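Subject: Structure handover

Hello,

Here is the structure I promised to pass on to you. Please open it alongside this note, and then read on for what turned up.

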Amino acid sequence: MTQKADTLRGRRQQFAAPGGLHDRMVRLVAVGMPSLIGALLAVLVIAPFSPRGDISFLLDRNKVAMVNDRLRVVSALYRGQDDAGRNFSVTAGSAVQHSEKRDEVEMRDITARVLLNDGPASLTTGAGIYDFAKQKIAVPTPVNFETSDGYRMVTDGANIDIGKRMLVSRGRAEGRIPAGTFSADRIDADLEARTITLEGHARLTMEPGKLKMP
């Protein structure tokens, strides 16, 4: 046991001797630790800017103005007044205005609500171009028009003047009035006066007893 203790004591003395392994380890740690801390700080600073799944960027305002769509809006709402000063509204699921110099807006899922002398009316269609300066809508898709007092018609596209309450179909149209039904290849309707001009294969069916005489 004494020999083993002397051997262990000798190793410890050699390890702790000046210039020995212990001193070399202390010098290595003293030099390497600051470098390691500096490298760790550099990683922490640079890591937030490294490529990841989410990318952040800044846009130049002048370059944004050069995109094709000048203005894109979801759930758009336009309000105005007709030639008689009555309020109307045009809503759309989406609207795109390509240039601030043009008053035309491309719209989808359109609903126009107007007030007529005999009550409110609504017009719905899938898509169209709304000229908010002239209060007109050019519609290439089917149009559904209804009033609160029983008038209804469907057209294959139409040009609609909201301000004057006029509708000219682009194709075949059919509908129902309190006194019967009608259809034609084309119609020209005054929505306020309840007058309709039928053109091409015109058909009108009247129901006895329901026609109101002036």
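Below is what was found in it, from the overall make-up down to single residues.

**Overall make-up**

Please keep in mind that this is a predicted model. The protein chain holds three helices and 14 strands. Of its 214 residues, 27% are buried. If you look at contacts with a separation of 6 or more, 36% of them join residues 24 or more positions apart.

**The core**

The largest nonpolar core takes in 31 residues, and those with the most contacts inside it are Val-90, Met-107, Met-153, Ile-160, Ile-162 and Leu-167. Strand E3 contributes the most to this core, namely six residues.

Ile-160 is a good place to start looking around. Setting aside neighbours within four places in sequence, Ile-160 is in contact with Leu-123, Gln-135, Lys-136, Ile-137, Val-139, Val-143, Met-166 and Leu-167.

One of those partners, Val-143, sits in strand E6. Is Val-143 buried or exposed? Its relative accessibility is 2%, so Val-143 counts as buried, the cut-off being under 20%. Beyond the residues up to four places away in sequence, Val-143 touches Leu-123, Thr-124, Thr-125, Met-153, Val-154, Thr-155, Gly-157, Ala-158 and Ile-160. As for Asn-159, its C-alpha is 9.9 Å from that of Val-143, with the two positions 16 residues apart in sequence numbering.

**Two cavities**

The search gives two cavities of 30 Å³ or more. The largest encloses about 100 Å³. Its lining is made of 13 residues, and Phe-145, Tyr-151, Met-153, Arg-194 and Ile-196 are the ones nearest the centre. Met-153 is thus a name you have met before, as one of the residues with the most contacts inside the largest nonpolar core. At least two lining residues come from each of strands E6 (143-147), E7 (152-155), E10 (173-177) and E12 (186-190). Sorted by class, this lining has eight nonpolar residues, one polar and four charged.

The second largest cavity has a volume of about 90 Å³. Around it you will find Ala-112, Val-114, Ala-121, Ser-122, Leu-123, Phe-145, Ile-160, Asp-161, Ile-162, Arg-165 and Leu-191. Strands E3 (104-116), E4 (119-131) and E8 (158-161) are the elements that give two or more residues to this lining, and E4 has the largest share with three. By class, the lining of the second largest cavity splits into eight nonpolar, one polar and two charged residues. Phe-145 appears in the lining of the largest cavity and again in that of the second largest.

**A pocket**

The second largest pocket is also worth a look, with about 170 Å³ of space. Its lining consists of Tyr-151, Ile-177, Phe-182, Arg-194, Thr-195, Ile-196, Leu-198, Leu-204 and Met-206. Strands E13 (195-199) and E14 (203-206) each provide at least two of these residues. The largest share is that of E13, with three residues. Seven of the lining residues are nonpolar, one is polar and one is charged. Tyr-151, Arg-194 and Ile-196 belong to this pocket lining, and they are also among the residues nearest the centre of the largest cavity.

**Aromatic pairs**

How many aromatic pairs does a search of the whole structure find? There are three. In one of them, Tyr-78 and Tyr-130 meet edge-to-face, 5.6 Å centre to centre and with 70° between the planes. Tyr-78 belongs to strand E1 (residues 71-81) and Tyr-130 to strand E4, so this pair ties together parts 52 residues apart in sequence. Tyr-130 counts as buried, because its relative accessibility is 2%. Together with Phe-132, Tyr-78 and Tyr-130 make up one aromatic cluster.

**Two backbone details**

Most residues other than glycine have a negative phi. Two loop residues are worth checking here. Arg-194, in the loop between E12 and E13, has a positive phi near 60°. His-201, which is not a glycine, has a positive phi of about 50° and lies in the loop between E13 and E14. At 65% relative accessibility, His-201 counts as exposed.

Happy viewing, and do write back with any questions.

Best wishes

Methods:
Residues numbered from 1 in each chain as written. Predicted model: local features only at pLDDT ≥ 70, side-chain atom pairs only at ≥ 80, totals over all residues. Heavy atoms only, no water. 1 Å grid on protein atoms, 1.4 Å probe; cavity = no way out; pocket = protein on both sides within 12 Å on 5 of 7 lines; lining within 4 Å. Points joined across faces, edges and corners; volume = space filled by probe spheres on them. Helix = DSSP H or I, 4+ residues; strand = E, 2+ residues; numbered from the N terminus. Nonpolar A, V, L, I, M, F, W, Y, C, P; charged D, E, K, R; others polar. Core = buried A, V, L, I, M, F, W, Y, C linked by side-chain atoms within 4.5 Å. Buried < 20%, exposed > 50% of the residue type's maximum accessible area, 1.4 Å probe, protein only. Contact = heavy atoms within 4.5 Å. Phe/Tyr/Trp six-rings, centres within 6.5 Å; stacked < 30°, edge-to-face > 60°.
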